[in-house]
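Here is a short set of exercises to work through with the viewer open. Try each task before you read its solution.

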Amino acid sequence: AGDGSGPVPGDGTDPPAPERVLFPPTFSVSEIKNKQRRHFMFLRWKQQQRKEKLALKKKRRKEREALGDKAPPKAIPKTIENQRVYDETTVDPNDEEVAFDEATDEFAPYFNRQTVPKILITTSDRPRGRTVRFCEQLATVLPNSHVYYRRGLALKRIIPQCIARDFTDLIVINEDRKIPNGLVLSHLPDGPTAHFRMSSVRLRKEIKRKGKEPTEHVPEVILNNFTTRLGHSIGRMFAALFPHDPQFIGRQVATFHNQRDYIFFRFHRYIFKSEKKVGIQELGPRFTLKLRSLQKGTFDSKFGEYEWIHKRREMDTSRRKFHL
Amino acid sequence: TKTQNFCRNEYNLTGLCNRSSCPLANSQYATVREEKGRCYLYMKTIERAAFPRRLWERVLLSKNYEKALEEIDENLIYWPRFIRHKCKQRFTKITQYLIRIRKLTLKRQRKLVPLRRKIERRENRREEKALIAAQLDNAIEKELLERLKQDTYGDIYNFPIHAFDKALQQQDAESESESDAEREEEDDDDEDVDKREFVEAEDSELSDFEDMDKLETSSEEEQEEEEEAEKKASHSKSKGKTPLKGPARRKRPYIEIEYEEETEPSTKTKAA
């Protein structure tokens, strides 16, 4: 035997005597066969570790205060967002090429205020209760939207009809085992189609809030964190769902927040309590989306040209690499 | 009811394991089976029992349902009733399910994609962590305040304090360079600035001040500012913080802002 873990016996601040008995013999806590005793010893050891850690922190803080101005600046903790692998397609706000692309892509007529969005919401076959209710709530959130049930109609045949009736967007909510789990968003006059995986859907009654339903006012739109080219195009798709002129009287805001490739959708009502404080109250459904694929034309599973597909083997290798 | 076993032999007629429907137990046996959408009648007789390769004789049945039934009857003439009857039943069932297959392939098929448990769990966990990292409420609040600052809401909300401060400071800088009593101005400005922040929820004072700014020249500004300072001092003492707290307490104050505008002028006229 000898010094199993050296520095600790010098810690004279521990009154209970067994503390000092623990460490000089070289058995580790895991060698005790009796479970109760082993557990007890382990807790003791943990307390010891915590004390040491606290002492270290205090010492460091004192050093820092003693140095005063000469102290080195506090280290910034590393987060996944800090360590994110730099994506070469990140959009620079002053990039001309991007600006030119955006002026000439399929959303240009919308952003030039030539078209007003008109949205058709539908589901897969035989939607169950939850999906139906979700569709209704979504229809109240998106202004100028209509819900139609699909009774076995093929999408390929719906699309020409929609175009004929002047719809600008088509949303299909896919359902599995009575809960909605997928969303296909298609911009109609020959626009891109995005296929998302939808998760954690909360209907209005499940959200803890005390507000009323969303009114008919056109909400504002917040798009957060869409940095890359791909993210930019998806962001424009979402923006194209809402009419261009938000009615500030309604004080409603729809938020699409992208974080680590998950897009969180929330719908709030805000009130400015003072100049620097705003209160928000959540109403409306909430859900999260994860992009699975982006197709160039309208929805076509066989012959479509895919602009981006999520390939699990290649794209999920690094924890710090995100595409949106 | 008595439970029955299934027979595993592929030439079985009924599918159940009985003495009467076992192809191995009976030396004279017949079945109907289908291959690639066509039905065949298979027959086994005693004479070929020694030749396993030629044991089962196969006859193609016509596609027409009635004709096929007649063909079965023709081929199994003089055979026991049981086998004939069961063959025809089996043939009927087979044709029915073939029809159904053909109908279904014309409709859209539901493609089942298997979920991978590990991936599902990983994605859910990442989603939770992303949600925590996102701090949505803070982000939304920040964005809304940004928009307020950048004046996207126009004149609806009447506390654009920072814009006023900037404008005032600019004008103060101008008047400082021109006039002599710099310190008084600065004091007044400081007081004004402080008091304005204090009673920020009040609109008309700010709007009045704005108008006065536009109309007056620099020298008169000083006097105006002093007067304003006194007025505001009296105002602030009388009102204190109550106007701020009133609206801030209620959570759903739709009509609130208009309410303030109505009360403000009346109180101001009293003090003046």
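A cavity here is a set of grid points where a 1.4 Å probe fits but cannot get out, and its volume is the space filled by probe spheres set on the points. Please keep in mind that this is a predicted model.

**Exercise 1. A closed space**

Task: Find what volume the second largest cavity has, and which residues line the second largest cavity.

Solution:
- Start with the count, which comes to six cavities of 30 Å³ or more.
- Take the second largest cavity, whose volume is about 90 Å³.
- Its lining includes the leucines A:L138, A:L142, A:L183, A:L185, A:L241 and A:L289. Also in the lining are A:I171 and the phenylalanines A:F238, A:F256, A:F265 and A:F287.
- Now look for elements that give two or more residues to this lining: they are β4 (179-187) and β10 (286-295) of chain A.
- Finally, sort the lining by character: eleven residues are nonpolar, with no polar and no charged ones.

**Exercise 2. The partners of β10(A)**

Task: Work out which strands β10(A) is joined to by bridges, and how many of its residues are buried.

Solution:
- Begin with β5 of chain A (residues 193-202), which runs antiparallel to β10(A) and is joined to it by eight bridges. In this pairing A:R197 stands opposite A:K290.
- Go on to β8 of chain A (residues 262-272), where four bridges make another antiparallel pairing with β10(A). Here A:I263 faces A:L289 of β10(A), and A:L289 is also one of the residues lining the cavity of Exercise 1.
- Add β11 of chain A (residues 306-309), antiparallel to β10(A) and joined to it by three bridges. A:S293 stands opposite A:I309 in β11(A).
- Last, check the cover: eight of the ten residues of β10(A) are buried, and the strand is mostly covered.

**Exercise 3. Rings in contact**

Task: Decide why the pair A:F196 and A:F238 is classed as stacked, and why the pair A:F256 and A:F265 is classed as tilted.

Solution:
- A pair of aromatic rings is described by the distance of the centres and the angle of the planes.
- Over all chains, the count comes to twelve aromatic pairs.
- For A:F196 and A:F238, the ring centres are 5.7 Å apart and the planes meet at 25°, so the pair is stacked. The cut-off used is planes under 30 degrees apart.
- Place this pair along the chain: A:F196 lies in strand β5 and A:F238 in helix α7 (residues 229-239), both of chain A and 42 residues apart.
- Check the cover as well: A:F196 counts as buried because its relative accessibility is 0%, and A:F238 counts as buried because its value is 2%.
- For A:F256 and A:F265, the centres are 5.1 Å apart and the planes are at 55°, so this pair is tilted. Both residues are buried.
- Put the pieces together: ring pairs link A:F134, A:F196, A:F238, A:F242, A:F256, A:F265 and A:F287 into a cluster.

**Exercise 4. The cysteines**

Task: Establish how many disulfides a search of the whole structure finds, and whether B:C7 is buried or exposed.

Solution:
- A disulfide is a covalent bond between the sulfur atoms of two cysteines.
- The search finds zero disulfides over all chains.
- Take B:C7 as a test case: the nearest cysteine sulfur, that of B:C17, is 5.0 Å away, whereas the cut-off for a disulfide is within 2.5 Å.
- B:C7 counts as buried because its relative accessibility is 19%, and the limit is under 20%.
- A:C135 is buried too, with a relative accessible area of 0%.

Notes: Residues numbered from 1 in each chain as written. Chains lettered and ligands numbered in written order. Predicted model: local features only at pLDDT ≥ 70, side-chain atom pairs only at ≥ 80, totals over all residues. Heavy atoms only, no water. 1 Å grid on protein atoms, 1.4 Å probe; cavity = no way out; pocket = protein on both sides within 12 Å on 5 of 7 lines; lining within 4 Å. Nonpolar A, V, L, I, M, F, W, Y, C, P; charged D, E, K, R; others polar. Buried < 20%, exposed > 50% of the residue type's maximum accessible area, 1.4 Å probe, protein only. Pairing = 2+ DSSP bridges. Phe/Tyr/Trp six-rings, centres within 6.5 Å; stacked < 30°, edge-to-face > 60°.
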